[in-house]
Each structure stands twice: as structure tokens, then as C-alpha cells.
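Please open the structure in your viewer and keep the selection panel at hand. The tour below goes stop by stop, saying what to select and what is to be found there.

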Amino acid sequence: MAWSNWENLGGIIVGSPGAVSWDDDRIDVFAAGTNNHLYHKWYDKGWPDWEDLGGVIMGAPTVASWEEGRLDVFVRGTDNALHHKWYD
């Protein structure tokens with residue numbers, strides 16, 4: 001086995017992305033865009049366009065999955081409080 005070449009997934013992100021896998025052949029990536037909204041991109045037999053999840057985040061998102069089909073994203077908001085968004 002060998003590493004692949006780099007693949008450009010598009011978009012313009014600021015800061016570090018966060019990623020998690022919640023099922024076989026599935027990975028979800030989250031990052032802040034230039035407007036500080038949370039953006040989401042996933043691989044499931046291909047990469048769709050970035051999805052704008054809104055909000056105004058400060059810093060890199062952290063994401064976890066504690067069961068199949070569940071995603072929990074944590075970010076620092078403009079009020080410096082911890083904010084949580086989930087998908088189930």
C-alpha cells in the first residue's frame with residue numbers, strides 16, 4: 001500500500017479542519033470558511049460541494065461520532081462560549 005497524491009477538495013477554509021468517520025466508507029470534514037461559518041463536506045462514494053452550516057465560529061471545529069449516523073460538532077462562538085451542533 002502507498003500514499004495517494006494530494007486531492008484538492010475545493011473551497012477556501014481558514015484554520016484547521018476536523019474530521020470523523022461514523023460508518024464504513026464514510027468520512028465527514030468540518031472547517032471554518034472565510035465568512036467564519038461552519039462548513040461541512042463528506043465522502044460517501046464521492047465528495048459533494050461544501051455545505052454551509054452557518055453560525056459564526058472562532059477557531060477550528062472539533063467533531064465526534066458516538067454511533068452510526070450521529071455527528072457532534074463543537075466550536076467556540078464569538079461570545080467565547082462552547083457551542084454544539086449535531087446531526088442524527
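## A stop on the surface

Select Glu67 to begin: in this predicted model, its relative accessibility is 37%, so Glu67 counts as partly exposed, the range for that label lying between under 20% for buried and over 50% for exposed. Glu67 sits in the loop that runs between strand S5 (57-64) and strand S6 (71-77). Now add Asp23, Asp24, Asp25 and Glu68 to the selection, and you will have, together with Glu67, a patch of negative charge on the surface.

## The whole chain

Clear the selection and show the chain as a cartoon, where you should find 7 strands and 0 helices, so that the pattern read along the sequence is β-β-β-β-β-β-β. Along the principal axes, the C-alpha atoms fill a box of roughly 45 × 30 × 20 Å. The radius of gyration of the chain is 13 Å, which agrees with the value near 12 Å that a compact globule of 88 residues would have. If you colour by burial, 28% of the 88 residues should come up as buried.

## Salt bridges

Side chains of opposite charge can pair when their charged atoms come close. How many salt bridges does a search of the whole structure find? The search finds 4, and the next selections visit some of them.

Select Asp44 and Arg26, whose side chains meet in a salt bridge with an N to O distance of 3.8 Å. Asp44 lies in the loop between strand S3 (38-43) and S4, whereas Arg26 belongs to strand S2 (residues 26-33), so this pair ties together parts that are 18 residues apart in sequence. The two partners differ in their cover, since Asp44 has a relative accessibility of 40% and counts as partly exposed, while Arg26, at 15%, counts as buried.

Move on to Arg70 and Asp72, which form a salt bridge of 2.8 Å, N to O, between their side chains; both Arg70 and Asp72 are buried. Keep Arg70 selected and add Asp88, because the side chains of Asp88 and Arg70 also meet in a salt bridge, here at 3.7 Å, N to O. Asp88 lies in the segment after strand S7 (82-87) and Arg70 in the loop between S5 and S6, so the pair ties together parts that are 18 residues apart in sequence. Is each partner buried or exposed? Asp88 is exposed, with a relative accessible area of 62%, whereas Arg70 is buried, with a relative accessible area of 11%. To see a network, select Arg26, Asp28 and Asp44, which are joined into one by salt bridges that share partners.

## Two loop residues and their distances

Select Leu53, which is found in the loop between strand S4 (51-52) and S5 and is partly exposed, with a relative accessible area of 23%. Draw a distance from its C-alpha to that of Gly77, and the viewer should give 14 Å for two residues that are 24 apart in sequence.

For the last stop, select Asp49 in the loop between S3 and S4; with a relative accessible area of 67%, Asp49 is exposed. What is the distance in space from Asp49 to Gly11, C-alpha to C-alpha? Asp49 and Gly11 lie 8.3 Å apart, although 38 residues separate them in sequence.

Definitions and conventions: Residues are numbered from 1 along each chain as its sequence is written. This is a predicted model: local features need pLDDT of at least 70, side-chain atom pairs count only at pLDDT 80 or more; totals for chains, interfaces and linings use all residues. Side-chain values use heavy atoms; hydrogens and water are left out. Patches are made of residues with over 30% relative accessible area and no salt bridge: like charges are joined within 9 Å, nonpolar side chains (Val, Leu, Ile, Met, Phe, Trp, Tyr) within 5 Å. Accessible areas come from the Shrake-Rupley method with a 1.4 Å probe; for residues, only the protein chains shown count as cover. Lys and Arg count as positive and Asp and Glu as negative; His and the chain ends are not counted. The place of a charge is taken as NZ of Lys, CZ of Arg, CG of Asp or CD of Glu. Helices (H or I, at least four residues) and strands (E, at least two) are DSSP runs, numbered from the N terminus. Buried means under 20% relative accessible area, exposed over 50%, partly exposed in between (1.4 Å probe, protein chains only). The radius of gyration is taken over C-alpha atoms; the globule rule is 2.2 Å times the number of residues to the power 0.38.
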